Structure formats: C-alpha cells, structure tokens
Amino acid sequence: ATVQTLQDFGTRYTYTQGNTDAGDWLYAYFESLGLEVERHEFSYGNQTEENIIARIPGLTHPEEIIAISGHFDSTSQQPYTLAPGADDDASAIAGVLEAALIFKDYAFERTIEFMCFNAEEQGRRGSSAIATDYLAAGKNIVAVVNSDMIGYWPTGWDRDYDVAYEPLSEWLADAVIAAS
C-alpha cells in the first residue's frame with residue numbers, strides 16, 4: 001500500500017509538486033505515529049529541498065544515532081510527468097515506514113532516526129547534506145542501514161540478496177544478513 005501511495009503521486013522527481021507532496025505525506029505519516037519529525041532543508045542549485053527525518057530518542061545513549069534510510073525521489077525518461085518509482089525507491093521507503101511503525105512501540109538505548117532522503121537521483125544530494133550537517137553539528141551516527149530498490153531482480157541475476165558495505169561496517173552487514 002505504501003508503494004502504491006507513493007506511485008500515485010505520478011512523479012516524485014525532485015523539482016516537481018509530486019515530490020513536495022510526497023515529502024508532506026511522509027511527514028504526516030511519521031507524525032501520525034507520534035514520532036518526532038523534522039524537515040531537514042538543504043540547498044541544491046537555486047532550490048531549497050527537504051529530507052524528512054523522524055526519530056525515537058534513545059534512553060541510555062541518545063547522542064548515538066542509528067539511521068534507517070532510503071530515498072523518496074524518483075526519475076525516469078519523463079521525470080517531470082511520469083516517474084512513479086515503485087522499485088526505485090518507493091520500495092525502500094516502504095521498508096523505512098514499516099520499521100518506524102514497528103519500532104515506535106519500543107524503547108532503545110540509542111536514538112533511531114528514520115531518514116527519507118531527497119534528490120538522490122541528482123547525485124545523493126539529500127543524504128550528502130545530512131552527512132555534512134550532522135558532521136558539522138558533532139552528531140554521532142554509529143550505524144546506517146540504507147535500502148535502495150528492495151525486491152529488484154535483474155534478469156540473469158543469480159543472487160537472492162545483496163548487501164553492500166564498507167570494510168569498517170562489516171559488523172553491521174553481518175548483523176543485517178543474520179537478521180534477514
């Protein structure tokens with residue numbers, strides 16, 4: 001249902017009303033769960049864009065952040081009029097929202113942030129803006145689980161599951177694989 005709702009915006013290309021409306025819908029969804037929500041603004045070109053971030057504050061180590069993320073913008077050969085983006089990347093946003101729905105009823109040692117990035121299709125602008133702003137503010141992100149295109153299955157692909165990670169995060173990749 002989440003994927004369908006996001007597809008129904010017609011396009012979520014960064015510079016469109018569909019993108020703005022999708023961001024508003026995400027904000028309202030997180031708010032309906034009773035989570036803290038913020039619009040993280042960033043500049044791209046002559047535009048101001050927004051990432052949507054919801055959070056569950058940690059109880060023991062609130063200064064340590066675990067991020068669960070995906071991007072909500074989309075693109076296509078006709079990005080301004082037809083970019084429903086079911087796979088890329090409404091599928092990951094559905095995962096982020098499902099995690100928020102489940103996690104909202106639990107307490108955690110660390111802060112959990114549900115990050116919905118914008119302008120990923122323009123070179124990961126939204127996630128880069130968060131990384132830059134968090135670093136400048138001294139925020140401590142200890143883990144990020146980012147999804148892109150959940151359920152994507154290219155023709156001829158012989159893998160069931162693909163987890164990409166940097167060597168420093170092998171411990172997190174192992175935990176994600178074990179949980180899956």
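Reader: Which residue forms a salt bridge with arginine 110?
Author: Arginine 110 forms a salt bridge with glutamate 109, and their closest N and O atoms are 3.7 Å apart. A salt bridge here is a side-chain nitrogen of Lys or Arg within 4 Å of a carboxyl oxygen of Asp or Glu. This is a predicted model, in which local features need pLDDT of at least 70 and side-chain atom pairs count only at pLDDT 80 or more, while totals for chains, interfaces and linings use all residues. Residues are numbered from 1 along each chain as its sequence is written, and side-chain values use heavy atoms, with hydrogens and water left out.

Reader: Which residues do salt bridges with shared partners join into one network?
Author: That network consists of Glu36, Glu38, Arg55 and Glu113. Within it, the closest N and O atoms of glutamate 38 and arginine 55 are 2.5 Å apart.

Reader: Where do glutamate 38 and arginine 55 lie?
Author: Glutamate 38 is in strand 1 and arginine 55 in strand 2, so their salt bridge ties together parts that are 17 residues apart in sequence. Strands (E, at least two residues) and helices (H or I, at least four) are DSSP runs, numbered from the N terminus.

Reader: Is arginine 55 buried or exposed?
Author: Arginine 55 is buried, at 13% relative accessible area. Buried means under 20%, exposed over 50%, and partly exposed in between, with a 1.4 Å probe and protein chains only. Glutamate 38, at 24%, counts as partly exposed.

Reader: How do strand 1 and strand 2 pair?
Author: They pair in the antiparallel sense over nine bridges; pairing requires that DSSP finds at least two bridges between two strands. Their hairpin has two residues between the strands, and glycine 45 takes a positive phi near 65° there.

Reader: Turning to the interior, which residues touch the most other members of the largest nonpolar core?
Author: Phe30, Leu35, Ile52, Phe114 and Cys116 do, in a core of 22 residues. Such a core is a set of buried Ala, Val, Leu, Ile, Met, Phe, Trp, Tyr and Cys residues joined through side-chain atoms within 4.5 Å. Helix 2 (17–32), strand 2 (47–56), helix 3 (86–103) and strand 4 (110–117) each supply at least two of its residues.

Reader: Which element gives the largest share of this core?
Author: Helix 3 does, with six residues.

Reader: What does leucine 35 touch?
Author: Leaving aside residues up to four places away in sequence, leucine 35 touches Phe30, Ala54, Arg55, Ile56, Ala100, Lys104 and Phe114. Contact means heavy atoms within 4.5 Å.
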